[in-house]
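Please open the model in your viewer and keep the sequence panel beside it, since each stop below begins with a selection and then says what is found there.

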Amino acid sequence: MIITRIKLNPFAGIANAELTFTDGLNVIVGPNEAGKSTIFRAIQKVLFTKTQLHRRDFEKEISPCIPIDGDTASAEIQFSHNGEQYTFRKSWGARESVELILPTGSTLNDDDAIEQKLNEILPASEAAFKSILMTYQSGLQQTLQELKDEYPETLQNLGDLLRAALLNTDGVSVDKFKEQVNQLYDDQFRRWDSQRNQPEGGRGIENPWKKNFGSIVKAYYLKEKTRTEHKNAEMLEEKYDKLNKEIRDFDEAIGRMSEYINKNSSAVNDAHERRTLQAELNSLKKDIDELKNVNENWPVVESKSKEIKSQLPALEEKFKELKEEKERAELMEANKPLIENVERGKRLQTELEKAQAELNKTKKLDREDLKKIRDANQFYEKLLNSIRAGKLKAKFTAKRENQLKVQLDFKPKESFSISEAEAKEFEAGGRIKLEHSDWILELTSGEGDFEKLEKELQASAQNLKKILEQFDIRTVNEAVAINEEYEQELNAVKNAEKNLKSELGSDTLENLEKKIEFIKNLKPARDLATVAVEFNDTKRDIDSKKNELIKSEEFVGAYEKKYKTKDELLTKLAKAFGKENEINEKIEQLLPLPEGVSDFDAFIREFEETKGKLEEVREKKNNLAIEKARIEENLPEQSVEELYKDFILADEVFCSQLRRGKAIARLKEVTEKSVELLDIGTYEGLENDIGKYVAVMTGDRYSDIEMDGSLPKGFVRKDGKILPVEFLSGGTMDVLGLAIRLAIAKYFLGSSDGFLVMDDPLVDLDPQRQKKAAEIIFNFAMNKQTIIFTCNPEHAELLGGNILQLD
Amino acid sequence: MCLKLLLTADVHLGLKFSNYPEVQQELSEARFNTLKNIVELANEQKCDLFVVAGDLFDHQRVSERDIVRTAQIINEFQGKLAVILPGNHDFIIPNDSRLWQKFKSQKGDRVLLLEECKVYQLNHYDLDMNLYSAPCQSKHSSTNNVGWIKNISKESAVKYHIGIAHGSLQDVSPDPDKRFYPMTKDELLNCGLDIWLMGHTDRIQYPPKSSSFDRIFYPGTPEPNGFDCQHEGKVWVITLDEEKKISASSVVTGNHRFIQEKIKLTSSEDAQALVNKYSPEINSKNLLKLKLTGRIPKKDFSTLFEILEGLKTKLLYVEYNTDELRQEITIETINKEFTEGSFPHKLLYHLSENADDYETLQLAYNLIQEVRK
């Protein structure tokens, strides 16, 4: 965009003016108040200020531009873009209008549409124009000087300076901004412990910070205050409710108990009276009972006494006899084993005598006898056997019939007849003897002397027979049987003797009988157990009778002592009956017990308890009433519901403050970070241009700029020495300012068509540098349209170009 | 003979409105004016009975001056009888209630305070009716006071049998913890009365639209008392005819109206619509609480605040919350207003990249405007 013409008709103090610009350097020269600033403002307003404005914006942006005697400000800019011509016209105030005539001849009349179109045409942003490309009376060099003065410590080199310059573009001082953010942060967070989400030091509403706290703490305290008020009110309300209920309950109880007391007080008085009378009556009844008792008992005990006295002598006699019998029985009991000993001895003696009698009746054939018999028999048998042990066989054959006798061994002779030619065989041990009337044939076995043997045999048989005859028996077996019987009887005697001996020991029966002989002389007695029982019974009977007697006599004594005579006793009893009647009559006069109550004591007790309880309850109720009055004093003058609304609102405010705090904290964080971000990559390309401009303007005194990474560090002097910014002179500083200005302008405009507007940059330079600066500006204007305002004609001349003179 | 009555409740005299310091006095006072208007309305309508079904007062510590003038206002009722039932806010402690003792000392002959749960026979007030009263005796109660009515015999010689109670009604007024004398419709209807005059819920009128079948009536507050009360403030004027047929009409009585709105703005037009809606013909007695959300172009932002501030001059009270309202700061805005490479440009650009930073971006933007030379 290249501005070709500007028309003001009217605009601020200028009623009508028209200036035509070339696309190179244009210098508008005129004395102060000639309208330079009005022209500058007109360009700016036409390009960037809408016609439809809210009142406030209008006041701020346009009001100064309205002519004093008019109501409308109008201006027009003609400009070329890519070789095509545009006309841009605006009026503000009463006849507000906007018009952008396009190369095609068509027109835009809407602020927004025009703005959009302009954005396409303008080579840099509105902001870049306002702060870099169109500056009036806010020279950058001046800014640089301010920065240098403001931050002498931090501006150590060109980089710092450049950064400060760029950062502060748009009129926002980073430090001031940071300061503001910190202030905001502080105002918001002071005394607030974000981590614990409470005031610092845990100082809640009960121990609050008194001053110097931020908005969050303030909102927190307010919220807590309303919350506490609400809670307290709620608590009080509940307590109040509870108290009222308790008081109501007490009142009910008091009513109930008072009614009971009123209703029953007479009855209870009578009940008291009744209790006294009843006690009296009870005591009287006891007396009557006693009198009656004595009255009955007195004759009874008297006769009892008499009876016992009559019974006692017989009993005592009986006791004496029993005692003697008991002594005898005891003696008998003591000798009982000896007596039994004697009896058993006698019995055994009898048994012995019996056994002996039996033995005497038995034939005597003892073991010796039996042995003799057996021996004789054995001897005989032995002889017999030895004959029988030989073997003789004889065969006899008769030639004719014959009569014969045969004797085999010692067997008797047997006759036999034998027929003709008959043969007979005989067998024997030692002898076969055949006797014929004619002859005797005796056959014997070879070794023995059968004759002798026969004699011995006969002798032994004789002997045996003789012995057996001695015992009047015939066989050995008989002897054995007799011996057995004899031995048996003998044994019986021996056993009886042994038993007797064992019973008597070394003593004799006679001796023993002598020892117990005296008992036989005693008077007989029953067994000790029977006697002892009877003895004891009798003794007890006597004792009991005696005791009874004593008691009876005591009673009688006591009665006599107390009542003297039975008549007197009767008189007393009659009196007591009279008294009893009297009391009963009194009781009948008294009020009865309430219905359902049967026990006077329980009734009185209940009445008294109720009375006590009533007092207790009354006192409790009074205490509650005092407490209630205290609570009433403290009851809030707002309902809990209303207080709750207050709390909700305060809580909303607190949350809103927290949210705002969060945004502020975030802004603080991002602000810190943004400052760091600014260091990177902003300055590339700028330094070359700055260096070039500085070298030209200082007559090559400074040849280059020393870089430190992407940041320029300082000027390099011809001798190679690097000069930090703080050592630059004021003039050189102005040079630097201009250099930066031009470099940045070039940077923002890039390759587009564009323009740079500034006020006189030569003001504080020495003539030498003015010349050099003018050259540079001129050269700059060769590529980018430049419009300079100056009040100095010399400067205008020095700068050259299209000079536009204002009157 | 018909019976005509005006039913109100929940007047909450003595509310402080300390959250609205600028208009506190007016709001507190308005409730007395409304009471006065209601009494006048009842007089105009020639009501026989003027009924306050609880919470005539907001709390126990209402000033003596306010108690006295309340009694005086009610004394102005020209019908046969005004009955006042203690509600849970102005509950009564028989013979021991400063509030009600003072009120009783000031009330006229034709004003009856229903102190007890009992049948009030009103024939000596020339009313052929028995009133079955269930006053509150504490702020909270998990049981209601109407239980005794069901089993009590209703005098057949008396024409109208009317119940009056204060507390929550299931499905009508919320009482999740059952702390406010909770009642049910069945429970009330089973008492065998002709009509129930109720109080407690100030935010709504019940039934929403009356028919001749309705037997239970809650008037709502006659004068709105906060932004949670969105209606205009109403009473019931109820007639029971010879056949005990009920006809009820709702009458608006509120002086002030609390209007709460949440509005999403997207452009200056929305903001303008807001002005149109609330500024020109709006009643100067209204209170407005706005919650603004959405995004509007930066250029409209300051205008919006002008509009909102302008509303304040037209309404009694305007409160707005713009915490969730964003001015649209786009990358275009940033590029337009700030030089690339400058600190504000860097900062805002960085913040605009993250949607979460929107509030921070606003803050930064506003702060930059302040700091800018």
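## A parallel sheet in chain A

In this predicted model, begin by selecting the open sheet of 4 strands in chain A, whose order is β19-β20-β3-β21 and whose pairing is parallel. Colour β19 (755–759) and β21 (802–805) of chain A separately, for these are the edge strands, each of which pairs on one side only. Direction ignored, neighbouring strands of this sheet are turned by 15° against each other on average.

Now restrict the view to β19(A) and strand β20 (residues 785–790) of chain A, which pair in the parallel sense over 5 bridges; within that pairing, D759(A) stands opposite F789(A) in β20(A). Add α20(A), which packs on the sheet and touches β3 (25–29) and β20 of chain A, its direction making about 140° with that of β20(A).

## From the sheet to a helix pair

Keep helix α20 (residues 767–783) of chain A on display and add helix α18 (residues 686–697) of chain A: the two pack at an angle of about 140°, with their axes 8 Å apart. Because angles over 145 degrees would be needed for roughly antiparallel, this value makes α18(A) oblique to α20(A).

Which residues in α18(A) meet α20(A)? Select Y693(A), V696(A) and M697(A) on the α18(A) side, and R769(A), K772(A), A773(A), E775(A) and I776(A) on the α20(A) side. By class, the residues of this contact divide into 5 nonpolar, no polar and 3 charged.

## The nonpolar cores

Next, select I43(A), L133(A), V694(A) and A739(A), which touch the most other members of the largest nonpolar core, a set of 94 residues. Helix α19 (residues 730–749) of chain A gives this core its largest share, 12 residues. Centring on I43(A), and not counting residues up to four places away in sequence, you will find that it touches I3(A), I6(A), I77(A) and V757(A). A second, separate core has 67 residues, and A9(B), L35(B), A82(B) and L197(B) are among them. In soluble globular proteins, nonpolar side chains tend to be buried together.

## A hairpin and an exposed loop residue

Staying with chain A, select strand β14 (residues 431–436) and strand β15 (residues 440–444), which run antiparallel and are joined by 5 bridges. The hairpin that connects β14(A) to β15(A) passes through 3 residues, and E435(A) stands opposite I440(A) in β15(A).

Then move to D366(A), in the loop between α8 (215–361) and α9 (367–388) of chain A. Is D366(A) buried or exposed? It counts as exposed because it has 12 C-beta neighbours inside 10 Å. Leaving aside neighbours within four places in sequence, D366(A) is in contact with N483(A) and Y486(A); D366(A) and Y486(A) are 120 residues apart in sequence, yet 6.9 Å apart in space, C-alpha to C-alpha.

## Zooming out to both chains

With the whole of chain A shown, its secondary structure comes to 21 helices and 21 strands, and buried residues make up 27% of its 807 residues.

Finally, display the contact between the chains, which takes 45 residues from chain A and 43 residues from chain B. On the chain B side, α6 (298–314), α7 (331–337), α8 (343–352) and α9 (358–371) each supply at least two residues, and α9(B) contributes the largest share, 8 residues. Coloured by class, the side of chain B that touches chain A shows 12 nonpolar, 17 polar and 14 charged residues.

Note on methods
Residues are numbered from 1 along each chain as its sequence is written. Chains are lettered from A and ligands numbered from 1 in the order in which they are written. This is a predicted model: local features need pLDDT of at least 70, side-chain atom pairs count only at pLDDT 80 or more; totals for chains, interfaces and linings use all residues. Two residues are in contact if their C-beta atoms, placed from the backbone, lie within 7 Å. Ala, Val, Leu, Ile, Met, Phe, Trp, Tyr, Cys and Pro count as nonpolar, Asp, Glu, Lys and Arg as charged, and the others, Gly among them, as polar. A nonpolar core is a set of buried Ala, Val, Leu, Ile, Met, Phe, Trp, Tyr and Cys residues joined through C-beta atoms within 7 Å. A residue is buried if 20 or more other C-beta atoms lie within 10 Å of its own, exposed if 12 or fewer, and partly exposed in between; C-beta atoms are placed from the backbone. Two strands pair if DSSP finds at least two bridges between them. Axes are lines fitted to C-alpha atoms, for helices over the stretch in contact, and angles run from 0 to 180 degrees between N-to-C directions. Angles under 35 degrees count as roughly parallel, over 145 as roughly antiparallel, 65 to 115 as roughly perpendicular and the rest as oblique.
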